[in-house]
Amino acid sequence: MIDHIYLVPLLPLVGFALLFITAGQLPRPWVAAIGVGSVGLSALIVLIVGYEMLLAGASPVVISLYNWFSVGGFVPGLSFYVDGLALTMMLVITGVGFLIHVYSSLFMYEDADYSRFFAYMNLFVSAMLVLVLADNLLLLYLGWEGVGLCSYLLVGFWYQDPANGAAARKAFVVTRVGDTFMALGLFLLFLHLGTLDIQPAMQLASATWQSGDVIPTIAALLLVGGAVGKSAQLPLQTWLPDAMAGPTPVSALIHAATMVTAGVYLIARTHELFLLSPTAQFVVAIIGVATLLVAAFSALVQTDIKRILAFSTISQIGYMFLALGVGAWSAGIFHLVTHAFFKALLFLGAGAVIYSLHHEHNIFRMGGLRRRLPVAFLSFVIGSAALAALPLTSGFVSKDAILLAAFESPHAGPALWLGGLLGALLTSIYSFRLVFTVFFGPVRTEPDAPAGLPMAIPLVILCVLSIVGGLFQIPVDAVFPEARESLHEGAIPIVTLAVPIIGVILAYFMFLDQRIRIAPLVESSVGRALGRFWLSHWAMDWLYDRIFVVPYTFVARINQADVVDTVYNGTATITRRLHHLASLTQTGQLRRYVTMMTVGLILLVAILLGVR
């Protein structure tokens, strides 16, 4: 079956093509069958392939379909590379993606553009699968840009609202900044290595350069530029909170299983290059710690249920970057897997709440929903526990491994560990602030009946995965260099275990029991200023508006006539005038033509004689 791995991205692509060609003319049950079924078949094939690979020892396999093109000795192929890392990513994309599609079949059922929604979702899944299966960096870049296009289409799905269109454009433009850095990195690698095939390129890099050389450092940093754009890390993370303008299943797909994990995958896939550049690897760790803290503080003060989860995604991707930066490659990918489970659960749970509360998003207009929406309540409790990394959840296993690896890192380990530990405390507080506010206390908005089975079944499955997912063994050990043996001694593991629990206790006393009164602090001048600052995402949108958007719009406004077009219009005007003058000589009178030819011949002869 592994020889037919091309069917995994092809089936969602065929689903997209069918839904696109029929342009919404199919009955809704057919649309759901094509949209959900295509991803479900891909997930089934991935399970079969995974079983075959594990029986064979998870040895890497290359499936070449044909040569894409040939230019000057550069012959990139349409070929797929399947190893433990690619298999893990495929399982997440198709498995969690399938559950999100099943959920969407009911959540979006009343939408007028039901077919268009599933067409975009299928294309999104297909592009992400191409990205993780690509055997060369050019094909990876094709999937990378395909994911960017689909994010634009899905974030702006409800385009009738100008704010949604603005959010889609912001996501597209900001991620293009990172994509430009990535393209430059690919150019640099091809210039020095002569190939973009991933495995040969990484082998050549290890054979050509020494650790700490300038070229691999520059190339790695350029790839980091692409990764921070797609994975919403500092300083290109501002697009992700605004991406909440899209439908809730879109948020679950982008934040859990697909787009935001692309940058993590890129760094993991090219880890040999980063091993040649300790500087670039340390930059990845610093970006991770800084991002997880900035996003965690912002999540503390948000009031929109989806924006809280959006900032938590930014923060959790920061943990993955921290893991990659300290060389805990397997732990970073493991957290990617567990995060896909509990973050999809939280977003789909939020969708169930929003669906039942007449599309209300403000958590302070909710409350008392634990008995009225029991499945959503269970989803949030388990999802938030995993997000907070409480024991007996999948999030605890993966995040604990990252924090212990950060402490043992030779590069500012204790500082990185302390940053990650503070982030874990904040994560527990804002996660259970959300739970206690939405599901406890008085009922502020009366909900409709709970959602049906197509929405409840994926939630229950994700609840189970969010608990037992930490027991999985992902087949990536052969992909990455052997990890250092963790010491796991002394008080450090105990502190790492205790901090999330302390955060939940603090959240209980602050937001439910209210034994700890935070109102005087929040309402003080300093508290108000900090609250506004964190609510505004550390004023980064304001800063970027002043630095980039305002000057750009100013230039566009004063250049409405377009100076560049004026040059071309002037050239066209002069050409027309000369043509008009030339046309005046076309009188149709033979005598005048003969006279002009004679005069011209005399002038030509005179010029030639004068030159001699």
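**Salt bridges, a helix and two cores**

Q: Which residues are linked with Arg176 in a network of salt bridges?
A: This is a predicted model, where local features need pLDDT of at least 70, side-chain atom pairs count only at pLDDT 80 or more, and totals for chains, interfaces and linings use all residues. Residues are numbered from 1 along each chain as its sequence is written, and side-chain values use heavy atoms, with hydrogens and water left out. A salt bridge here means a side-chain nitrogen of Lys or Arg within 4 Å of a carboxyl oxygen of Asp or Glu. Linked with Arg176 in the network are Glu145, Asp179 and Lys230.

Q: How many residues apart are arginine 176 and glutamate 145?
A: Their side chains meet in a salt bridge, at 3.3 Å from N to O. Arginine 176 belongs to helix α6 and glutamate 145 to helix α5 (helices are DSSP runs of H or I, at least four residues, and strands are runs of E, at least two, numbered from the N terminus). So the pair links distant parts of the chain, and the gap is 31 residues.

Q: Is aspartate 179 buried or exposed?
A: Aspartate 179 also meets arginine 176 in a salt bridge, at 2.4 Å from N to O. Buried means under 20% relative accessible area, exposed over 50%, and partly exposed in between (1.4 Å probe, protein chains only). Since its relative accessibility is 2%, aspartate 179 counts as buried.

Q: Which residues of α7 are exposed on the other side from the buried ones?
A: Helix α7 spans residues 198-208, and its buried residues are Ile198, Gln199, Ala201, Met202 and Ala205. They sit on the same side of α7 because they cover an arc of only 165 degrees around the axis, going by the directions from the helix axis to the C-beta atoms. What covers them includes β2, α5 and α6, where contact means heavy atoms within 4.5 Å. Exposed on the other side are Gln203 and Ala207.

Q: Which helix gives the largest share of the largest nonpolar core?
A: A nonpolar core is a set of buried Ala, Val, Leu, Ile, Met, Phe, Trp, Tyr and Cys residues joined through side-chain atoms within 4.5 Å. The largest one has 173 residues, and Met90, Leu140, Trp239 and Val353 have the most contacts inside it. Its largest share, 17 residues, comes from helix α15.

Q: How many residues are in the second, separate core?
A: This core includes Val289 and Tyr319. Leu403 and Val499 are also in this core, which has 21 residues.
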